[in-house]
Protein chains: 4
Amino acid sequence: MIVKLKRGIEDKNAKELIKWLENQGLEVQPTIGKTYTILGLVGDTASIAMNSVKAFEVVDSVTRIQEPYKSANKKLHPTPSVVDVGGVKIGGGHFAVMAGPCSVESKEQVLEIARAVKASGANLLRGGAFKPRTSPYSFQGMGNEGIEILLEAKKETGLPIVSEIMDIEDLPFFEEVDMLQVGARNMQNFAMLKKLGQIDKPILLKRGLSATYEEWIMSAEYIMAGGNKNVILCERGIRTFETGIRNVLDITAVPYLREKTHLPIIIDPSHASGMWEMVEPLSIAATAIGADGLLIEVHNDPERALCDGPQSLKPSKFDRLMKEIALVRNTVNEIGEMKSEKSH
Amino acid sequence: MIVKLKRGIEDKNAKELIKWLENQGLEVQPTIGKTYTILGLVGDTASIAMNSVKAFEVVDSVTRIQEPYKSANKKLHPTPSVVDVGGVKIGGGHFAVMAGPCSVESKEQVLEIARAVKASGANLLRGGAFKPRTSPYSFQGMGNEGIEILLEAKKETGLPIVSEIMDIEDLPFFEEVDMLQVGARNMQNFAMLKKLGQIDKPILLKRGLSATYEEWIMSAEYIMAGGNKNVILCERGIRTFETGIRNVLDITAVPYLREKTHLPIIIDPSHASGMWEMVEPLSIAATAIGADGLLIEVHNDPERALCDGPQSLKPSKFDRLMKEIALVRNTVNEIGEMKSEKSH
Amino acid sequence: MIVKLKRGIEDKNAKELIKWLENQGLEVQPTIGKTYTILGLVGDTASIAMNSVKAFEVVDSVTRIQEPYKSANKKLHPTPSVVDVGGVKIGGGHFAVMAGPCSVESKEQVLEIARAVKASGANLLRGGAFKPRTSPYSFQGMGNEGIEILLEAKKETGLPIVSEIMDIEDLPFFEEVDMLQVGARNMQNFAMLKKLGQIDKPILLKRGLSATYEEWIMSAEYIMAGGNKNVILCERGIRTFETGIRNVLDITAVPYLREKTHLPIIIDPSHASGMWEMVEPLSIAATAIGADGLLIEVHNDPERALCDGPQSLKPSKFDRLMKEIALVRNTVNEIGEMKSEKSH
Amino acid sequence: MIVKLKRGIEDKNAKELIKWLENQGLEVQPTIGKTYTILGLVGDTASIAMNSVKAFEVVDSVTRIQEPYKSANKKLHPTPSVVDVGGVKIGGGHFAVMAGPCSVESKEQVLEIARAVKASGANLLRGGAFKPRTSPYSFQGMGNEGIEILLEAKKETGLPIVSEIMDIEDLPFFEEVDMLQVGARNMQNFAMLKKLGQIDKPILLKRGLSATYEEWIMSAEYIMAGGNKNVILCERGIRTFETGIRNVLDITAVPYLREKTHLPIIIDPSHASGMWEMVEPLSIAATAIGADGLLIEVHNDPERALCDGPQSLKPSKFDRLMKEIALVRNTVNEIGEMKSEKSH
């Protein structure tokens, strides 16, 4: 951590700050410039709040140079994490596609979609039983009953299931759900994150609409600090000034986070764009850049979907997409081999 | 609602859409242009999800022209709401200042600050017992014990209290708290909003970091739809590209929301800027533009504050600010009188 | 164009608006709802400014449903444009890589890089002679002399050259330059765009830092309206709240713009991220999603580069990247064939 | 400037960097931590590009702690600048209102508006002759002829005039114009900024749509570095995710820039919101927070305005606003006196 002091301050006040910093267990190394003095802090600064330092009147600015996360930090855990979701491995070279309807609407619907996506090669079934809707007057999901339907589809197809939890009080309903999704709007619902740290189920943590990479990793850290290390990050588009599409898929998140964390990273092209026509090209780009998986909305009858129909693929389109993704995965592997040859 | 159809579609498919719309209880009035056909929908479109319409393949785009909110809508409830918080009125010409520490740290601290802000003219005491922190390793607040301390300060000073609720399970601790704050990061925690709609305590609803006006009002609508009409909106800065300050205070929210909703609107200049030097000018601007109140962080020893010290005013500075605000309020009233004279 | 009228307005005023609209050559088709009246406008609305309509007091809002661009519009010109840059074709299936140093620093430097990128398979040489720098105290480029050096490299290697023009008065220096680049900061320098519409050289139009798709296409339209149809769009990252990377590469721009315009679209992964480590994965994603080309910074000695060293690849890394891109292009072609078989 | 080195680097490479830094005339003071080594750089770092340092492979990150601007820097020039525009002083306690039509449309229109705004107390006349329009098919302004009309209005009313320059080649037409406006879209048209540094006319520099405070000041620095110190900054709203209003007026810019630069800062509430209903409240807030002036669009017939009618005030509304502003200015002065008494 670097602390820049204001100009023309009294020695007494600077010393008081230095003493306080040393009391926090840090070593203080000053650099005295012509116009500015800076203090380099050596030690474990992850638990020091930047704001506590900034609050000293002699302080002009504070810059963190060490990441504030530990469990999720690649520097401390260099091996890529592999998360096991109901027998399906994700991360560390294991690629998985999670497909299914935005919301569970009926048993027939879910079974039909589940069979279709399984036949096309999907690894997990996704479906929303509890739905986060901007309006209280929109369909809020089938709730517990929706979970029951997903479990039936799991029983029949063998696909592990992923579903969003919106209220920690609903946790008992999720006992047999294989992975719990935390939605973008709950990414910083810290009360819920802490409780999810107490269980051992895999958590799919979606990025908040305007969350920075660091905030996102810190939310994973909340879960991991509680003991649950099974976290998968999911990029789903960020909010910008652009009005042509719903959200901008931040594809750079994949290579950037690879350098910062060992956690698997998957991409949700359906929510990002909000348009089914974009799902195919974005899935291809996400696969090519090396994501650990995809989360894709598939609906047997998008026009009758109770939510987010415009971004859902029909099963036939999903089937073709899976073939395309297979081709891209081959290329990703070829490039990987080319690189490892080079380095030998 | 306006539905624009794609070009070159089959009549049969357009008719199917029209039939579906009419089944939703809407009247459909088409406009046939040379290059496009549009459908004007007449009726109660608030409960129709735009996405359900967009999902029809013949649809190019959908534009809502009626607001999707009802209880919060000024057009349906033109009189400004006045919310009573422990005897203090807010809204409809009643201006209130809520002041106090970012987090409750000790009984001595809170009592000292409470006495000081009361002496300066504050109307409510604010203080955080449960704290939303980006890092799991930062101080998380004193919890229930913090609430107890706030209640003691209330008892001594008579100031009603406002404190943030992060987990609905903590609700029993808030029984004697006068107003519950929903933080920016929980603005779309719909599970919590629904439950807050079941109680009758005033709710201070902060705007999410990148929430649009409409999303923000829809979150108020979630609470109001449950029966709780005592909602106050609080603008606290939005996230942008600017790195010089923490957030950009969106002062336009005040006059803009005045046209859209009857709910009171207050401003939090402390969180917006994150710098105490900005709190004074931003408070003056917020008062001048006609906000219904201010939420200001005051700390007796900002350098020792366990959170957000840099944005806290010392009691002496707060005292001077209250005098300045009084001058600005006078001017606001003079301008109001000038206008009402004109219109007579 | 859809015009929504305010409620409770006088008939007389509505009629005045309708008359004005008809005088603009438009046919007006009203839809009268219970709470709102809307006017559907039929005809050529591209030349009607939305603001002129909004200025009528009876108007509540105006929505455009027809794109405001013509020459760049895919609906009017469905065949993909192929732009010829000094004999190299770009667009309509023709993929091109433009590589070279951020700024021209010396003859030796440029010749060394030009030879290297040619050997690796680059199709064009890019290099900055006039440099847009945030600070007036930074190196501003070699100017005219830099152009001379690029022309020598062109002579030796046969690679057509691309260079940025910052001041239309410098146009004479660019006589033998094959393509003129308009930088992000000049995307809405309308005076320059108009003058570039008067010449017939290909123009590489970079997207502004926070330009919407529509504004970007409208800037292309400025050039095309003057008669110069040789425009190539270049996505180079947009400005967001994220501070971990310089800009967010908006990969969705490629499939989105494919639906809107016939102009070729290329990607600049170097400026987007500002980090050479990101250039490889972003280039792969951009190629996979179907971009018409890439603009990549290559420098023989990034540590000594006078500008933007951190985002430049060394020639050896660029060479490997070109091999990877070739593999990805094969996959893109395979996918294309698979699709065209399907549709037969 | 603070340079953080990567971990596990070779001594030789670190020494090479240090030598390079010393060759730039800087003193290097290292701080060696357990996990990181940082270098504090002492000396004039304003002319060192951060990217040149970042390009060294041993460097992890670079943080600037000294502002990169000099002429505009308040630390080096603590007295507020007062800019004289045709006899009207702006800055350092001098408040000025510039009013007039978005675009010059006819002699009658301009004279009528000029007389009206003068009668209401405006200090300068603003009007657009050369108009930056998103579409090439929109009215582009009357050009030179428009300037002539403004000069006639100046002659009759005595009000100095302000008008936008879009093309430096038009400079001869502006000979008698009192202040040249640089529009938001040209804020980083560095070629034009350099040339405006060569003249001695006051320049009104609008903030770019997504320009940071530092970039904005650096654009002022471009003009000042050429010798022209008469620069006034104008905040006109920034681009965000919000779609309810056109731009978000960043009122914090006023107190923030006061700490960084001695240049006057004015506010344009008309362009920010794009809605005339917002102009009054935003003007009051801007005056209250201590801006040095306002730029307000006034039109005698907004419904017939050839551009930006919806954001223009009618003269009668402007007249009332001027009375309100006078009241607010009184309060600002009272607060100022209260403060200066305190400090005596």
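Domain bounds here come from an automatic or database domain assignment.

**View 1. Two domains of chain A.** Chain A is divided into domain 1 (2-63) and domain 2 (83-343). Their centres, taken over C-alpha atoms, are separated by 43 Å. The structure is a predicted model: local features need pLDDT of at least 70, side-chain atom pairs count only at pLDDT 80 or more, and totals for chains, interfaces and linings use all residues. Residues are numbered from 1 along each chain as its sequence is written, chains are lettered from A and ligands numbered from 1 in the order in which they are written, and side-chain values use heavy atoms, with hydrogens and water left out.

**View 2. The interface of chain B and chain D.** Chain B gives 39 residues to the contact, and chain D gives 39 residues. Contact means heavy atoms within 4.5 Å. Together the two chains bury about 3600 Å², with 77% of it on carbon and sulfur atoms. Buried area is the accessible area (1.4 Å probe) that two parts lose on being put together, summed over both. Seven residue pairs are in polar contact across this interface, both residues at pLDDT 80 or more. A polar contact is a pair of N or O atoms within 3.5 Å; within protein, one must be able to donate a hydrogen and the other to accept it, and residues adjacent in sequence count only if both atoms are side-chain atoms.

On the side of chain B that touches chain D, helix H7 (253-260), helix H9 (276-288) and helix H10 (315-343) each supply at least two residues. Helices (H or I, at least four residues) and strands (E, at least two) are DSSP runs, numbered from the N terminus. H10(B) gives the largest share, eleven residues. By class, this side of chain B has 22 nonpolar, six polar and eleven charged residues. Ala, Val, Leu, Ile, Met, Phe, Trp, Tyr, Cys and Pro count as nonpolar, Asp, Glu, Lys and Arg as charged, and the others, Gly among them, as polar.

**View 3. Salt bridges between chain B and chain D.** The interface holds four salt bridges. Each needs a side-chain nitrogen of Lys or Arg within 4 Å of a carboxyl oxygen of Asp or Glu. Arg207(D) pairs in this way with Glu242(B), with the closest N and O atoms 2.9 Å apart.

**View 4. A salt bridge between helices of chain A.** Arg320(A) and Glu280(A) meet in a salt bridge at 3.8 Å, N to O. Arg320(A) lies in helix H10 (residues 315-343) and Glu280(A) in helix H9 (residues 276-288), so the pair ties together parts that are 40 residues apart in sequence. Arg320(A) is partly exposed at 25% relative accessibility. Glu280(A) is buried at 14%. Buried means under 20% relative accessible area, exposed over 50%, and partly exposed in between (1.4 Å probe, protein chains only).

**View 5. A salt bridge from chain C to chain D.** The side chains of Lys195(C) and Asp167(D) form a salt bridge at 2.5 Å, N to O. The pair crosses from helix H5 (residues 190-196) of chain C to the loop between strand E9 (161-164) and strand E10 (179-182) of chain D. Lys195(C) is partly exposed, at 24% relative accessible area. Asp167(D) is buried, at 13%.

**View 6. A salt bridge within helix H1 of chain D.** Asp11(D) and Lys15(D) form a salt bridge, with the closest N and O atoms 3.8 Å apart. Both lie in helix H1 (residues 11-23), four residues apart, about one turn of the helix. Asp11(D) is exposed at 56% relative accessible area. Lys15(D) is exposed at 56%.
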